[in-house]
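Reader: I am new to this structure. Please take me through its side-chain pairs, one short question at a time.

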Amino acid sequence: SYGKRLMVKPSWENIGETDRTVLEIDPASSFGSGQHYTTKLCLEFLDGLDVTGKKVLDLGCGSGILSIAAMLLGAESAVAVDVEENAVKIAVENAEKNNIDTAKYTAYCGNIIKDDELTDRIGEGYDIITANIVADILIGMKDHFYKFLKPDGILIISGIIDERKEEVTDAVTGAGFEIIKACEESDWAAVMLRKK
């Protein structure tokens with residue numbers, strides 16, 4: 001269970017009655033079953049936000065867990081992006097498993113840092129971005145985050161080892177963001193920021 005509303009479970013587990021929003025995902029699906037600290041921290045941030053009717057962008061989506069969680073919590077639409085073809089396929093499958101309307105869930109394969117056409121296709125005006133990747137890529141994407149988000153939009157970044165937290169937050173705040181909240185668990189950090 002994450003935050004106040006979410007619960008993540010593998011498909012074979014029967015949990016009975018719950019008033020939580022249940023996200024079904026299998027650990028076998030390469031990566032991102034909610035077990036890793038960085039995923040957990042991001043889910044807790046998302047859980048604490050009002051995502052109702054919001055447009056979400058999930059960069060480095062892996063299994064799609066973060067964008068699917070946002071949709072289950074009431075987001076209007078989500079775009080998921082990953083450099084691995086397999087991750088994109090799995091994210092779409094996981095969205096379908098969780099009865100997400102696939103007309104509102106789009107997944108792209110590619111690298112936004114190198115691919116301008118993909119960046120254009122993703123577009124702008126997102127309310128929330130989640131990016132659970134690694135420090136260097138987060139730093140490389142800082143201006144993209146700014147471009148994709150609408151003013152006052154929320155950016156949730158993670159995948160950051162403690163030693164590099166300051167370096168990453170300096171880069172991202174330098175690109176026009178302010179820190180709202182930072183959390184750490186077992187040498188990993190997640191940071192929530194707002195576009196200024």
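Author: Keep in mind that this is a predicted model. Lys 147 and Glu 124 make a good start: they form a salt bridge, with the closest N and O atoms 3.5 Å apart.

Reader: Where in the chain do Lys 147 and Glu 124 lie, and how many residues apart are they?

Author: Lys 147 belongs to helix 6, residues 142-148. Glu 124 sits in the loop between helix 4 (116-122) and strand 6 (126-132). The pair links distant parts of the chain, and the separation is 23 residues.

Reader: Is Lys 147 buried or exposed, or partly exposed?

Author: Buried would need a relative accessible area under 20%, and exposed one over 50%. Lys 147 has 34%, so Lys 147 is partly exposed.

Reader: And which class does Glu 124 fall into?

Author: The limits for the middle class are 20% and 50%. Glu 124 has 47% relative accessibility, so the class is partly exposed.

Reader: Which parts does the salt bridge between Lys 165 and Glu 184 tie together?

Author: The N to O distance in this salt bridge is 2.6 Å. Lys 165 lies in helix 7, residues 165-174. Glu 184 lies in a strand, and the two parts are 19 residues apart in sequence. So the parts tied together are helix 7 and strand 8.

Reader: How far apart in sequence are the parts that Lys 40 and Glu 185 tie together?

Author: The side chains of Lys 40 and Glu 185 meet in a salt bridge, 3.0 Å from N to O. Lys 40 is in helix 1 (residues 37-47), while Glu 185 is in strand 8 (residues 177-185). The pair therefore ties together parts separated in sequence by 145 residues.

Reader: Which residues do salt bridges that share partners join into one network?

Author: Lys 40 and Glu 185 meet in a salt bridge. Salt bridges with shared partners make one network. Its members are Lys 40, Glu 44 and Glu 185.

Reader: How many salt bridges does a search of the whole structure find?

Author: The pair Lys 147 and Glu 124 is a salt bridge, and so is the pair Lys 165 and Glu 184. Over the whole structure, the number of salt bridges found is 12.

Reader: Why is Cys 42 in no disulfide, and what is the distance to the nearest cysteine sulfur?

Author: A disulfide needs two cysteine sulfur atoms within 2.5 Å. The count here is 0 disulfides. For Cys 42, the nearest cysteine sulfur is that of Cys 183, so the pair fails the cut-off at a distance of 10 Å.

Terms used:
Residues numbered from 1 in each chain as written. Predicted model: local features only at pLDDT ≥ 70, side-chain atom pairs only at ≥ 80, totals over all residues. Heavy atoms only, no water. Salt bridge = Lys/Arg side-chain N within 4 Å of Asp/Glu carboxyl O. Helix = DSSP H or I, 4+ residues; strand = E, 2+ residues; numbered from the N terminus. Buried < 20%, exposed > 50% of the residue type's maximum accessible area, 1.4 Å probe, protein only.
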